[in-house]
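Got the viewer open? Keep the selection box handy, and we'll go from stop to stop.

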Protein chains: 2
Amino acid sequence: MDRTTARDQALALAREQALDAAEELFYGRGVQSVGMDDIRGASGVSLKRLYQLFPAKDRLVEAYLERRDLRWRGRLAEHVDRHEQPEERILAVFEWLGLWFAEPGFRGCAWINAYGELGPTSPGVTDRVTAHKEAFRDYLDGLVSDAGLPSVLTGRLFLLAEGAMVTAGITRSAEPAGQAADAARVLLAAGRRDAAGGARPGGQG
Amino acid sequence: MDRTTARDQALALAREQALDAAEELFYGRGVQSVGMDDIRGASGVSLKRLYQLFPAKDRLVEAYLERRDLRWRGRLAEHVDRHEQPEERILAVFEWLGLWFAEPGFRGCAWINAYGELGPTSPGVTDRVTAHKEAFRDYLDGLVSDAGLPSVLTGRLFLLAEGAMVTAGITRSAEPAGQAADAARVLLAAGRRDAAGGARPGGQG
DNA sequence: TTGACGTGAGAACGGTCGTTCTCTAGGTTA
DNA sequence: TAACCTAGAGAACGACCGTTCTCACGTCAA
């Protein structure tokens with residue numbers, strides 16, 4: 001049991017190293033322009049082990065998207081959780097987008113990029129992209145309903161966030177986050193008025 | 001002169017046929033998964049002529065993006081021009097997005113997809129993408145300023161439109177256009193209040 | 001010590017694809 | 001009719017890359 005545990009740990013370590021390299025290379029240069037040999041060179045994990053861990057490149061790509069999804073949403077939630085006021089928590093999403101956009105090496109949304117690159121040919125990738133976007137939208141929806149705001153706001157805020165990600169990626173600028181935050185404030189104010197004025201919050205969006 | 005004209009016309013026709021095939025295939029299946037031989041098969045233009053018209057695949061891709069840009073913006077402007085009221089013209093943009101999203105074969109924004117697929121490796125593609133997005137934003141900006149609204153609205157509406165395109169592409173649904181239109185109405189109303197309340201329209205955004 | 005096993009380095013294989021080349025046919029002019 | 005230009009069909013070339021195979025080495029059990 002002790003021995004197999006050591007071996008398992010070695011495999012788990014190699015897996016993390018492979019995914020670290022995959023994330024950096026796939027995100028930075030696109031999936032198709034990165035070869036398995038590049039992954040090997042960057043990770044130090046031999047080709048043999050690589051194929052032992054991920055039977056084909058597709059699997060590595062999917063694992064990359066899945067691990068990044070967990071990390072991305074974790075970092076977002078961590079930032080949002082620094083705020084207590086429900087509406088501030090919504091705005092914190094856009095604040096965090098701004099921080100993310102300003103990071104060195106930012107190249108847009110990994111899932112939007114992956115969808116553009118592989119969507120037409122890879123159902124596995126498409127599934128991960130839709131799952132990620134759905135999870136992000138659900139998270140936003142929770143923030144909106146926690147704030148007692150009408151859930152019709154969720155879709156609007158989601159579009160602002162998506163637009164900001166795309167635009168920040170293409171223009172290599174963090175500015176869209178601020179514009180989206182401004183727009184979000186306006187939409188929140190209007191939603192607040194609606195909620196007070198008659199429509200019941202939490203209704204169908 | 002008569003003979004060279006006939007030849008030129010044949011070349012121009014082949015060029016259009018090649019671009020027709022390229023547009024359908026590149027947009028529908030992505031650029032990298034479409035070979036030059038696929039273009040030949042779909043267009044009926046021989047490989048020899050193809051390379052005579054476009055010295056490399058890159059050039060064909062760039063020409064595809066350029067021609068599509070002209071057509072896309074032309075169709076948008078055509079729809080907007082059916083409206084006279086300045087604010088209706090702005091909303092007509094989102095209305096048209098909804099029509100576009102609902103077209104059979106819609107697969108999202110060709111430029112966002114191309115950026116995701118080729119952005120990291122092809123400066124030529126990146127240039128066309130940024131040029132297209134800039135042109136679209138400029139067009140929106142003109143509509144906003146024609147309506148006497150503060151130009152800070154342009155960026156916000158632009159983000160809504162981009163978010164709608166991405167989301168419609170990924171979810172294969174036209175719904176985001178309606179959500180974006182709703183949000184745009186709220187933002188327009190707020191902008192109108194700002195313009196009336198003190199801020200000078202056409203100011204820096 | 002020995003033998004089976006797992007591993008890493010890297011060669012090798014097979015398929016794809018961008019690009020060029022060959023070969024043949026047709027059409028035009030002297 | 002002969003020379004010449006052009007074009008099309010498709011073979012061929014060369015590079016790339018995902019995947020597998022070879023081979024030599026080190027490790028561990030008996």
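A salt bridge here is a side-chain nitrogen of Lys or Arg within 4 Å of a carboxyl oxygen of Asp or Glu. Keep in mind as you click that this is a predicted model.

**Stop 1: a pair in chain B.** Select B:Asp20 and B:Arg67 and show their side chains: they meet in a salt bridge, 2.9 Å from N to O. B:Asp20 sits in helix 1 (residues 2-29) of chain B and B:Arg67 in helix 4 (residues 57-80) of chain B, so this pair ties together parts that are 47 residues apart in sequence. If you'd like to hunt for others, the count over all chains comes to 28 salt bridges.

**Stop 2: two domains in chain A.** Now go to chain A and colour 1-55 as domain 1 and 58-205 as domain 2, following the domain assignment. Drop a marker on the C-alpha centre of each domain, and the two markers will lie 29 Å apart.

Next, pick out the contact between them: 17 residues of domain 1 of chain A touch 15 residues of domain 2 of chain A. About 1,500 Å² is buried between these domains, with 62% of that coming from carbon and sulfur atoms. Which three residues supply the most of the area that domain 1 of chain A buries against domain 2 of chain A? Select A:Glu23, A:Tyr27 and A:Val31: together they supply 45% of that area, more than any other three residues.

What about charges and polar pairs? Across this domain interface there are 4 salt bridges, and 9 residue pairs are in polar contact, both residues being at pLDDT 80 or more. For another salt bridge in chain A, show the side chains of A:Glu16 and A:Arg67, which meet at 2.9 Å, N to O.

Cartoon view helps for the next bit. Helix 1 and helix 2 (36-43) of chain A each supply at least two residues of the domain 1 side that touches domain 2 of chain A. Helix 1 of chain A gives the most to that side, with 9 residues. Colour the domain 1 side by residue class and you get 9 nonpolar, 4 polar and 4 charged.

**Stop 3: where the chains meet.** Bring chain B back and select the contact: 40 residues from chain A and 40 residues from chain B. The area buried between the two chains is about 3,100 Å², 66% of it from carbon and sulfur atoms. On the chain A side, zoom to A:Tyr115, A:Leu159 and A:Ile170, which lose the most area to chain B, together 22% of what that side buries.

How many salt bridges cross between chain A and chain B? The rule finds 0. Polar contacts do turn up across this interface, with 4 residue pairs, both at pLDDT 80 or more.

To see what builds the chain A side, select helix 1 (2-29), helix 6 (110-118), helix 7 (123-146), helix 8 (152-171) and helix 9 (175-197) of chain A, each of which supplies at least two residues. Helix 8 of chain A gives the most to that side, with 12 residues. By class, the chain A side divides into 16 nonpolar, 14 polar and 10 charged.

**Last stop: the symmetry.** Superpose chain A on chain B: a turn of 180° and a shift of 0.0 Å along the axis lays one on the other with an RMSD of 0.0 Å. That is the relation of a two-fold axis. The same surface serves both copies, with 100% of the contact residues of chain A recurring in chain B.

Terms used: Residues numbered from 1 in each chain as written. Chains lettered and ligands numbered in written order. Predicted model: local features only at pLDDT ≥ 70, side-chain atom pairs only at ≥ 80, totals over all residues. Heavy atoms only, no water. Contact = heavy atoms within 4.5 Å. Buried area = accessible area lost by both parts, 1.4 Å probe. Polar contact = N/O pair within 3.5 Å; in protein donor to acceptor, adjacent residues only side chain to side chain. Helix = DSSP H or I, 4+ residues; strand = E, 2+ residues; numbered from the N terminus. Nonpolar A, V, L, I, M, F, W, Y, C, P; charged D, E, K, R; others polar. Domains from an automatic or database assignment. Least-squares fit on C-alpha atoms with pLDDT ≥ 70 in both.
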